Amino acid sequence: LPDPVCLSLFSRAVQRSLAIIRQAKQKKKKKEYCMYYNRFGKCNRGESCPYIHDPEKVAVCTRFLRGTCKKTDGTCSFSHKVSKDKMPVCSYFLKGICSNSNCPYSHVYVSRKAEVCQDFLKGYCPMGEKCKKKHTLVCPDFAKKGVCPRGARCKLLHPQKKRHAREAEAGDRSDPPSKWRRVWEETGR
């Protein structure tokens, strides 16, 4: 049978080693930015979050860019400072048709075959405009094909295209809205 004193010392040594490993892991994680804080300007974990919460790395408010943000008094959780390092690449620039001389979006060409920058998806890419990967939040597969092989597991946006007036009219003829259904059935139009 082992000595109880030896077991106690051994147990303390194991606990101390585990604590050192835990601290090392936390210090290692602290070098990464919190993707929730960077993308949304807030993190539910608050001070207990093991990642860095840097207000300079928070995503730019898209409503502010359009001039429609009502929280100009400093209560907006997003940044109202336009910084090229935090901006996605201008989709019009990539198509060669951006005519806005004051365009706040990044005008950097990256290869069509380039993968999406994982750091940018987390909210901040330290490479900024020097990065050779795509700084976009829109899923390239969905943008090309209208479907994404990753489905709901995809971290990127899957925006639905707006219907043009002619398409809406054609859609109204084939599938009338509920408030017009009675008129549709009575007149056959």
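**View 1. Nine residues surround the second largest cavity of this predicted model.** Here's the cast: Val89, Ser106, Val108, Val110, Gly128, Glu129, Cys131, Lys133 and His135 line the second largest cavity. Sorted by class, that lining is a mix of four nonpolar, three polar and two charged residues. The space they enclose comes to about 40 Å³.

**View 2. Helices α2 and α5 help to wall in the largest cavity.** Searching the whole structure turns up two cavities of 30 Å³ or more, and the largest has a volume of about 50 Å³. Look for Met35, Arg39, Gln118, Leu121, Lys122 and Lys155 around the largest cavity. Two elements, α2 and α5 (118–121), each give two or more residues to this lining. As for chemistry, the lining of the largest cavity holds three charged residues, along with two nonpolar and one polar.

**View 3. Cys34 and Cys43 don't make a disulfide.** Zoom in on the sulfur of Cys34 and you'll find its closest cysteine sulfur in Cys43, 3.8 Å away. A disulfide needs the two sulfur atoms within 2.5 Å, so this pair is too far apart for a bond. Cys34 itself is tucked away: with a relative accessible area of 2%, this residue is buried.

**View 4. Cys69 goes without a disulfide too.** The nearest cysteine sulfur to that of Cys69 belongs to Cys61, and the gap is 3.8 Å. Cys69 counts as buried because its relative accessibility is 12%, and the cut-off for buried is under 20%. If you're tallying disulfides for the model, the count is zero.

**View 5. Ile52 sits in a loop between two helices.** To find Ile52, follow the chain into the loop that runs between α2 (35–40) and α3 (62–66). Is Ile52 buried or partly exposed? Its relative accessibility is 26%, so Ile52 counts as partly exposed. Now bring Asn38 into the frame: Ile52 and Asn38 are 14 residues apart in sequence. In space, the C-alpha to C-alpha distance between Ile52 and Asn38 is 9.3 Å.

Definitions and conventions. Residues are numbered from 1 along each chain as its sequence is written. This is a predicted model: local features need pLDDT of at least 70, side-chain atom pairs count only at pLDDT 80 or more; totals for chains, interfaces and linings use all residues. Side-chain values use heavy atoms; hydrogens and water are left out. Buried means under 20% relative accessible area, exposed over 50%, partly exposed in between (1.4 Å probe, protein chains only). Helices (H or I, at least four residues) and strands (E, at least two) are DSSP runs, numbered from the N terminus. On a 1 Å grid over the protein atoms alone, a cavity is a set of points where a 1.4 Å probe fits but cannot get out, and a pocket is an open set with protein on both sides within 12 Å along at least five of seven lines; lining residues have an atom within 4 Å of a point. Grid points are joined across faces, edges and corners, and a volume is the space filled by probe spheres set on the points. Ala, Val, Leu, Ile, Met, Phe, Trp, Tyr, Cys and Pro count as nonpolar, Asp, Glu, Lys and Arg as charged, and the others, Gly among them, as polar.
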